[in-house]
Amino acid sequence: MLSSITVPFARGRAAVRLTALTLASGLAAAGILAGAGQATAATGAGAQAQGGATATIGGLKVYGAAVLHEESGDQEIPAGLFEMSVDGGGTLQTYCVDVYNPTQKDAKYHESAWSGSSLAGNKQAGRIGWILQNSYPQVNDLASLAKKAGIRSGLTEQDAAAGTQVAIWRYSDGADVDAVDPQARQLADYLEKAARGAAEPPASLTVDTPAVSGKPGDLLGPVTVRTDAGTVSVAPPPDAAISGVRVVDADGEAVTSARDGSRLYFQVPAGAADGSAQVTLQASTTVPVGRAFVSEGRSQTQILAGSSESTVSASAVASWAKAGAVPALSAARDCLKSGLDITAANKGDQPYTFTLLTAEYTVGAGETRTFTVPLQEDQLYDFTLTTPQGTAPRFTGILDCATQSRTTSNLTTQTFSDPTPATVLPTTPTNLAETGTDSATPLIAGTAIGLVLIGGTALVLTARKNQGE
């Protein structure tokens with residue numbers, strides 16, 4: 001089971017508690033990771049710097065076969081389009097950009113920037129974007145696609161999906177892979193040669209500065225909306241009728257809807273007690289092709305090939321206090337740095353200090369600083385940081401930034417079949433040299449490709465107000 005440890009500091013320090021990272025023992029990954037979820041704020045002045053669509057993978061729907069050439073020999077694997085069901089309504093079609101990792105049945109995924117996925121630092125990612133825009137299913141005129149690729153006998157949907165996936169794998173994983181069907185193989189070769197660089201698509205819905213702070217009586221913000229949707233609904237804090245906290249524009253007018261570029265503020269009554277509030281944004285839109293989707297557990301990264309009208313959402317939180325340090329905390333996965341970026345903005349009149357692992361960090365009054373928490377690949381994290389106001393933002397997730405080594409033995413790739421998906425895992429851990437833990441790095445290690453976790457304390461955060469102690 002999952003558990004956490006909470007220990008109070010000695011009296012005389014500002015209201016501070018230490019919360020150790022979740023302990024996990026004796027659980028299969030499906031149970032552990034379903035409970036972990038994506039990195040979010042449980043309560044208080046914390047937020048995950050992400051938004052957009054959240055979906056559950058359903059399996060391969062249109063696919064053919066491919067052959068992966070490895071030192072240990074050739075392996076035949078399925079290659080094609082996955083389908084995902086969006087929370088709140090909608091359907092996504094995706095290709096894999098992580099061939100050397102397995103796909104877990106019914107895994108949860110959320111929309112991500114490339115920097116938070118295995119595409120981070122991949123100089124060929126733009127070519128993958130071009131392939132997605134210029135092949136199936138964005139191009140559903142298969143006769144025209146076959147003509148461009150010089151395929152005289154035409155293409156089936158299965159050929160088109162398999163050929164497109166193979167071309168993507170060559171750029172996403174550097175894989176030595178070929179389609180089995182001659183038409184699919186010819187399409188893959190054409191797409192690989194024709195691909196050009198394309199820009200990373202914007203998020204379907206997200207916010208700049210997902211966590212803000214200040215003093216009661218002030219306008220806290222701004223929180224800037226970024227979206228491709230025409231209109232975004234703005235839900236006020238759940239206890240707004242009691243707390244009196246409103247979501248307004250720069251002129252103090254109440255806001256119930258927003259659009260791209262809208263700047264939102266939290267209006268907190270001057271006499272309000274120290275506290276926090278959250279606003280939720282939601283819209284219905286098509287998610288831009290090329291957006292990455294990363295698993296909340298250990299399941300291969302996907303990239304969007306097509307979207308129906310789908311529900312997307314984002315949130316922002318604010319905290320306030322009359323005096324002292326007033327931190328706002330947000331987190332975002334940073335695969336270029338192999339860690340989690342924690343941004344701390346302190347709009348109070350005293351410094352804010354927290355200890356992370358063995359290092360102590362201080363954010364001065366009026367400062368904003370970003371610190372990177374180093375994590376090992378496949379590491380599950382789940383921590384809560386209590387602020388001087390007693391609020392407790394929680395961040396959970398798993399670092400999944402690298403594709404599996406091409407020299408992996410006993411390779412397991414996507415094994416879904418239609419209509420019933422199935423998942424096959426390696427019988428023994430493979431290529432796990434970079435995982436594992438030791439006393440110098442107190443983090444939960446992954447074994448069997450991060451699917452079974454060893455119990456133990458993994459990450460400890462503490463926080464306090466500087467009082468000259």
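Here are some short exercises, with worked solutions, on the predicted model shown above.

**Exercise 1. Get your bearings: how many helices and strands are there, and what share of the residues is buried?**

Solution. Start with the secondary structure: the protein has 6 helices and 29 strands. Next, look at burial, where 54% of the 469 residues count as buried. Finally, check how far contacts reach along the chain. Among contacts between residues at least 6 apart in sequence, 71% join residues at least 24 apart.

**Exercise 2. Work out how helix α2 runs relative to helix α4, and which residues meet.**

Solution. Step one is to find the helices: α2 covers residues 125-133 and α4 covers residues 157-172. Step two is the geometry. Their axes come within 9 Å and cross at roughly 170 degrees. Angles over 145 degrees count as roughly antiparallel, so that is the label for α2 against α4.

Step three is the contact itself. From α2 come R127, I128, I131 and L132, and they meet T164, A167, I168, Y171 and S172 of α4. Sort these residues by type and you get 6 nonpolar, 2 polar and 1 charged.

**Exercise 3. Is α2 mostly covered or mostly open, and what covers its buried residues?**

Solution. Go along the helix and count: 7 of the 9 residues in α2 are buried, so call it mostly covered. The buried ones are A125, G126, I128, G129, W130, I131 and L132. Now look at what sits over them. The cover includes α4, α5 (182-194) and the strands β6 (91-96) and β18 (302-307).

**Exercise 4. Find the residues that touch the most other members of the largest nonpolar core.**

Solution. This core has 86 residues, and the ones to pick out are Y95, W169, L264, F266 and L281. Then ask which element gives the most: that's α4, with 8 residues. Don't stop there, as another core of 20 residues lies apart from it. Its members include C335, Y352, F371 and F395.

**Exercise 5. Track down the disulfide and say which parts of the chain it ties together.**

Solution. There's 1 disulfide to find. The partners are C335 and C401, with sulfur atoms 2.0 Å apart. Check the handedness next: the torsion about the S-S bond is about -75 degrees, so this disulfide is left-handed. Then place each end. C335 is in the loop between β20 (327-334) and β21 (339-346), while C401 is in the loop between β26 (394-398) and β27 (446-447). The pair therefore ties together parts 66 residues apart in sequence. Both cysteines, C335 and C401, are buried.

**Exercise 6. Which peptide bonds at P137 and P222 are cis or trans, and where do these prolines sit?**

Solution. Most peptide bonds are trans. Take Y136 and P137: a cis bond joins them, with omega about 10 degrees, and P137 is in the loop between α2 and α3. G221 and P222 are also joined by a cis bond, with omega about 5 degrees. P222 lies in strand β11 (residues 219-227).

**Exercise 7. What is the sign of phi at D106 and at S338, and how exposed are these residues?**

Solution. D106 has a positive phi, near 60 degrees. You'll find D106 in the loop between β6 and β7 (108-112), partly exposed at 49% relative accessibility. S338 also has a positive phi, about 55 degrees, though it isn't a glycine. S338 is in the loop between β20 and β21 and is partly exposed, at 37%.

Technical notes: Residues are numbered from 1 along each chain as its sequence is written. This is a predicted model: local features need pLDDT of at least 70, side-chain atom pairs count only at pLDDT 80 or more; totals for chains, interfaces and linings use all residues. Side-chain values use heavy atoms; hydrogens and water are left out. Axes are lines fitted to C-alpha atoms, for helices over the stretch in contact, and angles run from 0 to 180 degrees between N-to-C directions. Helices (H or I, at least four residues) and strands (E, at least two) are DSSP runs, numbered from the N terminus. Angles under 35 degrees count as roughly parallel, over 145 as roughly antiparallel, 65 to 115 as roughly perpendicular and the rest as oblique. Contact means heavy atoms within 4.5 Å. Ala, Val, Leu, Ile, Met, Phe, Trp, Tyr, Cys and Pro count as nonpolar, Asp, Glu, Lys and Arg as charged, and the others, Gly among them, as polar. A nonpolar core is a set of buried Ala, Val, Leu, Ile, Met, Phe, Trp, Tyr and Cys residues joined through side-chain atoms within 4.5 Å. Buried means under 20% relative accessible area, exposed over 50%, partly exposed in between (1.4 Å probe, protein chains only). A disulfide is a pair of cysteine sulfur atoms within 2.5 Å.
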